[in-house]
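User: I should like to learn how to read the features of a protein model in a systematic manner. Could the discussion proceed from one region to the next, with the general idea given before the particular case?

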Amino acid sequence: MRATGGNTLAMLAAFLIPLSALTGSAVDIGRLYMVKVRLQQACDAGALAGRKFMIDSTATTLDTNAAAQAKLFFANNFPSAMMGTPAYTTANVPFTPTKTADNQVAGTATTQVPMTVMKMFGQPVRSITVTCEARFDIADTDVMFVLDTTGSMTCAPQETGGCTMTSETYTRPDGTKGYSYTEKSTSKIVALRGAVMDFYDTVASNADPSTHLRYGVVTYTSTVNAGAAVPTQYMLNTDWTYQTRRAVGDQNYGATTTTTYNNITQAACNGYVNRTPALFTNKYGATAYTYDTTGVAQWKLVDSWTANSGNPSKGTCVIRNQPVVPLWRYTQWPADISGYVASISNGTGVPDPSKYNGSLNIWQGCLEERQTTASTTFDVNNLPPDLDPDLIPNSDATKWKPMWPEQTYDRSGTDTYDISEELFPPRYGNNNYYNYFVNTGGDVGRLQGGFVSCGKPVQRLATLTRSQLSNYVNAVDFRAIGGTYHDTGMIWGTRMLSPNGIFAADTAPWPGRQSVNRSIVFMTDGDMAPNADIYGMYGLERYDKRVSAGDFTSLTDRHNARFLAECAAAKARKITVYVIGFGQTLTPQLTQCASPGQAYYAGDSAALKAAFVKIANQVALLRVSK
């Protein structure tokens, strides 16, 4: 029998070479993989840096600074001589950044990796090459600007204690008279116009050709002018009640005259009795007292009838001609609003039911909000109609109503107030009543004082050109006046940007595209400042009590609660909320309204521009695309 013990040694020697190759390949492949991963990361970092620093131009090559930054970021992310790769200097980096045909940055990185074990098997060096590309790229994006255009926006940012605001008039695009405060050349509203355009330019310069962008604008004070944007079927079109006045009787006015008729019957004498204009019963079942355009009516009344002595069936009739003026009752009255609602589109004015001067009113578009709950807390999952951005109107309570300042009156806190008016126009500022549109007398007018304001109509979400957006913010009616109600702006900004609700078609994704990124850019220069005597989106709070429930001391807290409820509603719909306080300290409410980390303070015009640009750069997300 032969000895076989030596065979094991021979077999081991035979297997040693392939085992060494197998082990070596595993080691060196692992090294190659580690180098390639790190090389790809460095390439991506270089491309991102190059795109960030790239100067937009028509040049086909990457500008010097962008190329240098790209190489620097590559070098910082790929250690020199890693795993035995060649050492390099800043001037000799194995990374070449280039500018693509569509103005992005691409790169190619190459390095040599020496083998270790596999070197014994004729594999001394392996070359690794990676490519990368980075772009400022925007997903389909909707941006809604919600902009404070209250009176303090005419102050300069440094006028933190307020400024002198001078009222002026201007002609609206519809030909009617408007009121605003005079702008200073350094005013905040001037800076706002520029910042909005800087935002647009920043996003536009970074968008690739396939990106869809839409913009909308809501300007707000105590009201929002959204009437023309709301589809007609969602407006109440029958009757609505206003804090106004109606004539409930006649009061004698001025001297009387008499007319004598001889030899007529008593019945004929009584037949002369009449009123011009005549009384009638209105649609509400009440007696309607109407007057001529000077506010006067004429009664013909029997002063006396004296029978003839010889023929008692006839006699002398004396008719007294008595001028009368209205006895006005100031309280809540209904009004037929069908013609008034239609006037915004057809331009046909309707008579003001609280006056008899023949004036015709055309609705400018500001709205009274739909049904609400006068509460201090709200459940974001069970909001009242006014705070629910998705609720499609399905009843009169859930429809919007037109603000009608021409026939709205304050009446000094009393529930009902009766006064005999001498002549039209009403005396303004007599400490008994104030009309929100007629401005006569010594007191400052409700329009001039911003107690009622109806600003620029909202811009629905659309693919606006730069010229279109510029024309909007530089229009004659993009002006500042009125008080600060953050909830009014946020309610309409969220409503117009929500993926559901009456504007869902505006916000729908493009065919074949993914869901749209949605952002609200909310800018204000003041804290919440409601006033029970302002006529705004919730009517005349002193009497309507839709927000306060009669507790006017809590009015600010109640409006803040509504504001925060609507901010939460926006974020629940995946809308990113950016908040900018312009010369206004970021209150807890403003900070809480913003999405995490997206509340900004801007102390001057330059800081406002920087904030808008910073937000725009967040909308224009820099990413690795290949």
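**Reading the model feature by feature**

Analyst: Let us begin with a single residue. At 44% relative accessibility, Pro86 counts as partly exposed, because that class lies between under 20% for buried and over 50% for exposed. Please bear in mind throughout that this is a predicted model.

User: Where does Pro86 lie, and with which residues is Pro86 in contact?

Analyst: Pro86 is found in the loop that joins helix 2 (64-77) to strand 1 (95-99). Apart from neighbours within four places in sequence, the contacts of Pro86 are Ser80, Ala81, Thr111 and Gln112. For Gln112, which is 26 residues away along the chain, the C-alpha separation from Pro86 is 6.8 Å.

User: How should one describe the protein as a whole?

Analyst: One may start with secondary structure, burial and contacts. The protein has 12 helices and 28 strands. Of its 626 residues, 48% are buried. Among contacts with a separation of 6 or more, 74% are between residues 24 or more positions apart. The accessible surface is about 27500 Å², and carbon and sulfur atoms account for 54% of that area.

User: What is the general idea behind a nonpolar core, and which residues of the largest core touch the most other members?

Analyst: In soluble globular proteins, nonpolar side chains tend to be buried together. In this model the largest nonpolar core holds 65 residues, and Trp492, Ile520, Phe522 and Phe563 touch the most other members. Helix 10 (residues 555-572) supplies the largest share of this core, namely seven residues. A second core, separate from it, has 34 residues, including Val521, Ile580, Phe582 and Tyr600.

User: Which residues surround Phe563?

Analyst: With residues up to four places away in sequence set aside, Phe563 touches His486, Asp487, Met490, Phe522, Met528, Gln589, Leu590 and Cys593.

User: How may the geometry of helix 10 be checked, and how many of its residues are buried?

Analyst: A rise of 1.5 Å a residue gives an expected span of 26 Å for the 18 residues of helix 10, and the end C-alpha atoms are 26 Å apart, so the two values agree. Helix 10 is mostly covered, with 13 of its 18 residues buried. Just after helix 10, Lys574 adopts a positive phi of about 60°.

User: What does one look for when a helix has buried residues, and which residues of helix 6 are buried?

Analyst: An α-helix has 3.6 residues a turn, so residues three or four places apart point the same way. In helix 6 (residues 466-473), the buried residues are Leu469, Ser470, Tyr472 and Val473. Viewed down the axis of helix 6, these residues fall within an arc of 155°, and therefore line one face of the helix. Their cover includes strand 4 (141-148), helix 3 (188-206), strand 7 (213-220) and strand 22 (459-462).

User: How many disulfides are there, and what is their pairing in sequence order?

Analyst: The count comes to five disulfides. When the bonded cysteines are numbered in sequence order, the pairing is 1-2, 3-4, 5-6, 7-8, 9-10.

User: Why is the disulfide of Cys155 and Cys163 assigned its handedness?

Analyst: One inspects the torsion about the S-S bond. For Cys155 and Cys163 this torsion is about -75°, so the disulfide is left-handed. The two sulfur atoms are 1.9 Å apart. Cys155 counts as buried because its relative accessibility is 3%, and Cys163 counts as buried at 17%.

User: Which parts of the chain does the disulfide of Cys269 and Cys317 tie together?

Analyst: Cys269 lies in helix 4 (residues 266-270) and Cys317 in strand 14 (residues 314-336), so the pair ties together parts that are 48 residues apart in sequence. The sulfur atoms of Cys269 and Cys317 are 1.9 Å apart, and the link is right-handed, with 65° about the S-S bond. Cys269 is buried at 0% relative accessibility, and Cys317 is buried at 0%.

User: Where does the disulfide of Cys567 and Cys593 lie, and what is its handedness?

Analyst: This pair links distant parts of the chain, with Cys567 in helix 10 and Cys593 in helix 11 (residues 588-593), 26 residues apart. The link of Cys567 and Cys593 is left-handed, with -85° about the S-S bond, and the sulfur atoms are 2.1 Å apart. Both Cys567 and Cys593 are buried. Cys593 also appears among the residues that Phe563 touches.

Conventions
Residues are numbered from 1 along each chain as its sequence is written. This is a predicted model: local features need pLDDT of at least 70, side-chain atom pairs count only at pLDDT 80 or more; totals for chains, interfaces and linings use all residues. Side-chain values use heavy atoms; hydrogens and water are left out. A nonpolar core is a set of buried Ala, Val, Leu, Ile, Met, Phe, Trp, Tyr and Cys residues joined through side-chain atoms within 4.5 Å. Buried means under 20% relative accessible area, exposed over 50%, partly exposed in between (1.4 Å probe, protein chains only). Helices (H or I, at least four residues) and strands (E, at least two) are DSSP runs, numbered from the N terminus. Contact means heavy atoms within 4.5 Å. A disulfide is a pair of cysteine sulfur atoms within 2.5 Å. Accessible areas come from the Shrake-Rupley method with a 1.4 Å probe; for residues, only the protein chains shown count as cover. The arc is that of the directions from the helix axis to the C-beta atoms. The expected span of a helix is 1.5 Å times one less than its number of residues.
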